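Q: Could you take me through one part of this structure slowly? I would like to look closely at how the helices pack and what surrounds the ligand.

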Amino acid sequence: MGPFVPRFTRQARALHWSLAAPVLLLLLTGLTNFAPELKAVRAGDVRLFAWLHVVLGFATLAAARAVYLPLLLQRALRDDLRELMDVRRRDYLWLQHIGLRATGAPSRPPSVGKFNAGQKLNTLATMLLLAVLLATGAVLGINYFTKRIFDVGLVETLFTWHTALSLLAVPLILGHLYLALLHPSTRESLRGVTRGAVRRDWAERHHDAWAPDAPAPAAGAPPPERTPPGSRKDSPKRPH
Ligand code: HEM
């Protein structure tokens, strides 16, 4: 058994980064609207960052059909998506476990598959936010070039939604970056989306129901401090 287990295919990683890069750039160029000095930067006749934002927005919408859709049709990726949408009893137990740990109460983590409930909720929230941001952005983007198509009231309403949802995306993206880059017990996951594999011991601790060839339960493991029904009984307590 090697020290690493494969986690994400090349196509899954390509989808992650081909979405992450433009979304981050869209957020950054959009947020310049809140910084008067940046908002005022001009290139010829246009406000530079607003123009970049709109052009990048249309490029991302075009990529949805040309890049994201073909990638999503790959079998391995569909398996990941099915797994992400598969809500099970252990997901409720995982959320209960996180809640107990947050209040300082002792709790053992339940068994976890390829994705825990936090990853599932994060994916769902990100996808919903992204879909609405791209849809509202499309209308705002067309309106940026011509004011003749959409009603002013509609544009104002969609702009309010676009702003509110992009502000909601900020803590979601910052939380995602913190867990992927900084948090000691989760940052190993970054290797999965860069190299495609993660350390076997990490996979067995964090995704025991998924990690291939997980070892047999350790003999004489200490009794659980508090085990909700259906919780994992065979792994050591881990920090969160
Ligand atoms: C992940 C996707 C996106 C994010 C996070 C995002 C974020 C933002 C933010 C933060 C603003 C500034 C809001 C304000 O000033 O109150 C903004 C404005 C705007 N967005 Fe987006 N946006 C996204 C996608 C799009 C797309 C796909 C388009 C168009 C194709 C678009 C078109 C616009 C337009 C036209 C504005 C107004 C720019 C101006 O005139 O200053 N956005 N966006």
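A: Let's begin with a term: two residues are in contact if their C-beta atoms, placed from the backbone, lie within 7 Å. Helices (H or I, at least four residues) and strands (E, at least two) are DSSP runs, numbered from the N terminus.

This is a predicted model, in which local features need pLDDT of at least 70, side-chain atom pairs count only at pLDDT 80 or more, and totals for chains, interfaces and linings use all residues. Residues are numbered from 1 along each chain as its sequence is written.

Start with helix 6 and helix 7. In helix 6, Asn122, Ala125, Thr126, Leu129, Val132, Leu133, Thr136, Gly137, Val139, Leu140 and Asn143 meet a set of helix 7 residues that includes Trp161, His162 and His176. Sorted by class, this contact has 14 nonpolar, 8 polar and no charged residues (Ala, Val, Leu, Ile, Met, Phe, Trp, Tyr, Cys and Pro count as nonpolar, Asp, Glu, Lys and Arg as charged, and the others, Gly among them, as polar). The axes of helix 6 and helix 7 are 9 Å apart, and the packing angle is about 145°. Axes here are lines fitted to C-alpha atoms, for helices over the stretch in contact, and angles run from 0 to 180 degrees between N-to-C directions. Helix 6 passes helix 7 in a left-handed crossing, meaning that the near helix is turned anticlockwise from the far one by less than a right angle (clockwise would be right-handed).

Now turn to the other side of the story, helix 3 (residues 48-72). Its axis and that of helix 6 (residues 117-145) come within 10 Å and cross at roughly 130°. That makes helix 3 oblique to helix 6: angles under 35 degrees count as roughly parallel, over 145 as roughly antiparallel, 65 to 115 as roughly perpendicular and the rest as oblique. Val54, Gly57, Phe58, Thr60 and Leu61 of helix 3 make the contact with Leu134, Gly137, Ala138, Gly141 and Tyr144 of helix 6.

Helix 3 also packs against helix 1, at about 165° with axes 9 Å apart, so the two are roughly antiparallel. Gly30 of helix 1 and Gly57 of helix 3 are among the residues that meet there.

Finally, look at the ligand. Of the 25 residues around the ligand, Gly30, Asn33, Gly57, Gly137 and Gly141 come nearest (a residue is near a molecule if its C-beta atom, placed from the backbone, lies within 6 Å of it). Helix 1 (10-31), helix 3, helix 6 and helix 7 (152-181) each give two or more residues to this shell. Helix 6 gives the largest share, 8 residues. The shell has 15 nonpolar, 10 polar and no charged residues.
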